[in-house]
Amino acid sequence: MGKILIAEDEQPIADLIRMSLKPAGYLCDWAPDGETAADLLTDPVYDLVLLDVMLPKVDGFTLMEYIRPLDIPVIFITAKAAVSDRVRGLRMGADDYIVKPFDIAELLARVETVLRRCHKTGDTLSLAGLVADPRARRVWRDGEEIALTPKEYDLLLLFLRNPNAALYRDTIYERVWGGELAYGSKTVDLHIQRLRRKVGWEGVLVAVNKVGYRLEVKP
């Protein structure tokens, strides 16, 4: 689905990002400092850069000046939460700005959004035994097309784009239906039960106690 450079000096965070992106089909390289990142970008094979601001040797804002002529999308990931820092990063040409600590599901969604907006993602998604075409809103298993309602298809794409992430029911409802989930509503659960049966995700799209649901995909 794409090759991503993670420019992050904290290895545990870089490893978490890499392990979260890998099941979604992304290939990731890691640069622990700005100089290493610049060296790797000498051969610009990357579809996206996840860029920490406070990097050793060469900071993220300085590195952004180097990246901009390469026409590679950039998402800043940083602990610098001040509005002035966000505005600076976006005005320098960054495509998005995420403040630490962040939710992995949000990171995956933002990565997919930026890549799609920059036309650097493929036309289809292949995961968990399915092949989906988001533009045509069609999905197949073993070459046979599966008929889904519009909401079922929106649910399908949400989980395909956030594999192995536990999604809260409130988040699912907001992303698919819009608005807030009413107390005691079973709308999400009923639609997920129908989606499971239709696409063969029994045992794959699992309930997470007191949270919601997760699409379990092996690395």
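**Figure 1. Helix α6 and its buried residues.** In helix α6, the residues Glu152, Tyr153, Leu155, Leu156, Leu157, Leu158, Phe159 and Leu160 are buried, as seen in this predicted model. Because eight of the eleven residues of α6 are buried, the helix is largely enclosed by the rest of the structure. An α-helix has 3.6 residues a turn, so residues three or four places apart point the same way. Leu158, which lies in helix α6, serves as an example of a residue on this element: Leu158 counts as buried because its relative accessible area is 7%, which is under 20%. Leaving aside residues up to four places away in sequence, Leu158 touches Leu167, Ile172, Arg175 and Val176. One of these partners, Arg175, is 17 residues from Leu158 in sequence, and the two C-alpha atoms are 7.9 Å apart in space.

**Figure 2. The largest nonpolar core.** The largest nonpolar core has 29 residues, and the members that touch the most other members are Leu156, Phe159, Leu160, Ile172, Ile192, Trp201 and Leu205. At least two residues of this core come from each of β6 (125-127), β7 (130-133), α6 (150-160), α7 (169-176), α8 (187-199) and β12 (212-215), and α6 gives the most, with seven residues. Nonpolar side chains tend to be buried together in soluble globular proteins. Which residues does Phe159 touch, not counting residues up to four places away in sequence? The residues in contact with Phe159 on that count are Leu167, Ile172, Ile192, Trp201, Leu205, Tyr213, Arg214 and Leu215. Apart from the largest core lies another core, of 22 residues, among them Leu51, Leu63, Val74 and Tyr97.

**Figure 3. The cis peptide bond before Pro101.** The peptide bond that runs from Lys100 to Pro101 is cis, and its omega is near -10°. Pro101 has its place in the loop that lies between β5 (96-99) and α5 (104-117). Most residues other than glycine have a negative phi, and most peptide bonds are trans.

**Figure 4. Two loop residues with a positive phi.** Although Ala128 is not a glycine, Ala128 has a positive phi of about 55°, and this residue is found in the loop between β6 and β7. Is Ala128 buried or partly exposed? With a relative accessibility of 22%, Ala128 counts as partly exposed. Lys210, likewise not a glycine, has a positive phi of about 65°, and the place of Lys210 is in the loop between β11 (205-208) and β12. Because the relative accessibility of Lys210 is 77%, this residue counts as exposed.

**Figure 5. Glu35 in helix α2 and Ala24 in a loop.** Glu35 lies in helix α2, which covers residues 34-40, and counts as partly exposed because its relative accessible area is 41%. Not counting residues up to four places away in sequence, Glu35 touches Lys57 and Val58. Glu35 and Val49 are 14 residues apart along the chain, and their C-alpha atoms are separated by 14 Å. Ala24 has its place in the loop between α1 (11-21) and β2 (26-31), and Ala24 counts as buried because its relative accessibility is 7%. Ala24 and Val58 are 34 residues apart in sequence, and from C-alpha to C-alpha they are 30 Å apart in space.

**Figure 6. The whole chain as the setting for the close-up views.** Eight helices and twelve strands make up the secondary structure of the chain. Along its principal axes, the C-alpha trace spans about 50 × 40 × 30 Å. The radius of gyration of the chain is 19 Å, which agrees with the value near 17 Å that a compact globule would have with 219 residues. Of these 219 residues, 46% count as buried, and the accessible surface of the chain comes to about 11,200 Å², of which 51% belongs to carbon and sulfur atoms. Among the contacts in the chain with a separation of 6 or more, 54% are accounted for by residues 24 or more positions apart. The chain has 30 positive and 33 negative charges, and the mean positions of these two sets are 6 Å apart.

Key. Residues numbered from 1 in each chain as written. Predicted model: local features only at pLDDT ≥ 70, side-chain atom pairs only at ≥ 80, totals over all residues. Heavy atoms only, no water. Helix = DSSP H or I, 4+ residues; strand = E, 2+ residues; numbered from the N terminus. Rg over C-alpha atoms; globule rule 2.2 N^0.38 Å. Buried < 20%, exposed > 50% of the residue type's maximum accessible area, 1.4 Å probe, protein only. Contact = heavy atoms within 4.5 Å. Areas by Shrake-Rupley, 256 points an atom, 1.4 Å probe, with all protein chains shown as cover. Lys, Arg positive; Asp, Glu negative; His and termini not counted. Charge placed at Lys NZ, Arg CZ, Asp CG, Glu CD. Core = buried A, V, L, I, M, F, W, Y, C linked by side-chain atoms within 4.5 Å.
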